[in-house]
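Hi everyone, thanks for coming. I'd like to walk you through one structure today, so please have a look at it with me.

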Amino acid sequence: MWFSNYKLIEKKKLTQDVYEMVFSDWNETTNKPGQFITFMLPKTKFGRAYSICETKWDKYIFIIKRVENWRWWSIEITDLEIAWELKAVWPSWHFILKENNKAKMFLATWVGLAPLYNQLKAIADLWLHYKTKLIFWLREKSDLFYIEKFKKLKKQIDFDYEIYFSKEEVEWYKKWHITEYLNKENINWFEEFYICGNPNMVDEVENKLTEAWVNQENIFREKY
């Protein structure tokens, strides 16, 4: 097991409870799109894994949802001040983008977007031209983030997105849950499916895909 030190160099709130946190690693550790880093939290000495959302040279960008009621580790990490250093296990895990030319659908809830955005960014950086689509769920419009990044991706690659809000009706957006999108007609445009987010959502989406005769080997999932 290999460790490295990551220094917090930027932190900003994207919404009322979602933070974008940027860490630097002078070792410039390599990673594959979809992997995570396990941070050793300073107070509790507890290891907590966070998926990499984006990399820029020696910078690693994460989106972290602060949950006041029970995810105490999310409070500890979002309370960190700039220049704080964390020891962390290098990028790992097998939830990575497959290197092929298959059309891909990405389905995420909240900060489950992180590894999927990393994968989409990799597709854009490599100038790959197969069809991609993101289905993204949040409770309401005030929870929405990264919309400008989605618009930028649309200009770079064959990419589209649908955003669902379950607690609010908003013009130009969808109402309810992302499973509403998973009918046979929509699924048939895609060959691979990458799912990340709430465990119940991940299981429900996988079930709907298999019921639609999607081969299990083309479904890739990550729960948080």
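Let's start with W213, which sits in the loop between α5 (199–211) and β13; helices (H or I, at least four residues) and strands (E, at least two) are DSSP runs, numbered from the N terminus. W213 is exposed, with a relative accessible area of 77%. On that scale, buried means under 20% relative accessible area, exposed over 50%, and partly exposed in between, with a 1.4 Å probe and protein chains only. W213 also has a positive phi of about 70°, although it is not a glycine.

A word on where this comes from: the model is predicted, so local features need pLDDT of at least 70 and side-chain atom pairs count only at pLDDT 80 or more, while totals for chains, interfaces and linings use all residues. Residues are numbered from 1 along each chain as its sequence is written, and side-chain values use heavy atoms, with hydrogens and water left out.

Now to another loop, the one between β3 and β4, where we find K45. K45 is exposed as well, at a relative accessible area of 64%, and has a positive phi of about 60° without being a glycine. The two strands around this loop form a hairpin, with 6 residues between them. They run antiparallel and are joined by 5 bridges; two strands count as paired if DSSP finds at least two bridges between them. Within that pairing, M40 stands opposite G47 in β4.

What else does β3 pair with? Strand β7 (residues 85–92), again in the antiparallel sense, over 4 bridges. There, F36 stands opposite S92. And how many of the residues of β3 (residues 36–40) are buried? It is 4 of the 5, so this strand is largely enclosed by the rest of the structure.

Let's turn to the parallel sheet. As a reminder, strands of a sheet pair through backbone hydrogen bonds, either parallel or antiparallel. Here we have an open sheet of 6 strands with parallel pairing, in the order β11-β10-β9-β8-β12-β13. At its edges stand β11 (174–175) and β13, each with a single partner strand, so one side of each is left without a neighbour in the sheet. Further in, β8 (residues 104–109) and β12 (residues 192–197) pair over 5 bridges, and A108 stands opposite C196 in β12.

Helices pack on this sheet too. α2 touches β8, β9 (132–138), β10 (159–165) and β12, where contact means heavy atoms within 4.5 Å. The direction of α2 makes about 150° with that of β8; axes are lines fitted to C-alpha atoms, for helices over the stretch in contact, and angles run from 0 to 180 degrees between N-to-C directions. Helix α3 (residues 147–156) touches β9 and β10, and its direction makes about 155° with that of β10.

In helix α4 (residues 184–187) we meet I187. Is I187 buried or exposed? It is buried, with a relative accessible area of 3%. Leaving aside residues up to four places away in sequence, I187 touches L182, F193, L209, A212 and V214.

On to the pockets. The search uses a 1 Å grid over the protein atoms alone, and a pocket is an open set of points where a 1.4 Å probe fits, with protein on both sides within 12 Å along at least five of seven lines; lining residues have an atom within 4 Å of a point. The largest pocket has a volume of about 440 Å³, where grid points are joined across faces, edges and corners and the volume is the space filled by probe spheres set on the points. Its lining has 23 residues, and N31, K32, P33, A122 and L126 lie nearest its centre. Which element gives the most to that lining? α2 does, with 4 residues.

One of those central residues, K32, lies in the loop between β2 (18–24) and β3. K32 is partly exposed, at 49% relative accessible area, and touches I96 and N118, not counting residues up to four places away in sequence.

Finally, the second largest pocket holds about 320 Å³ of space. It is lined by 20 residues, with R48, A49, Y50, S51 and Y224 closest to its centre. Here β4 gives the most to the lining, with 4 residues.
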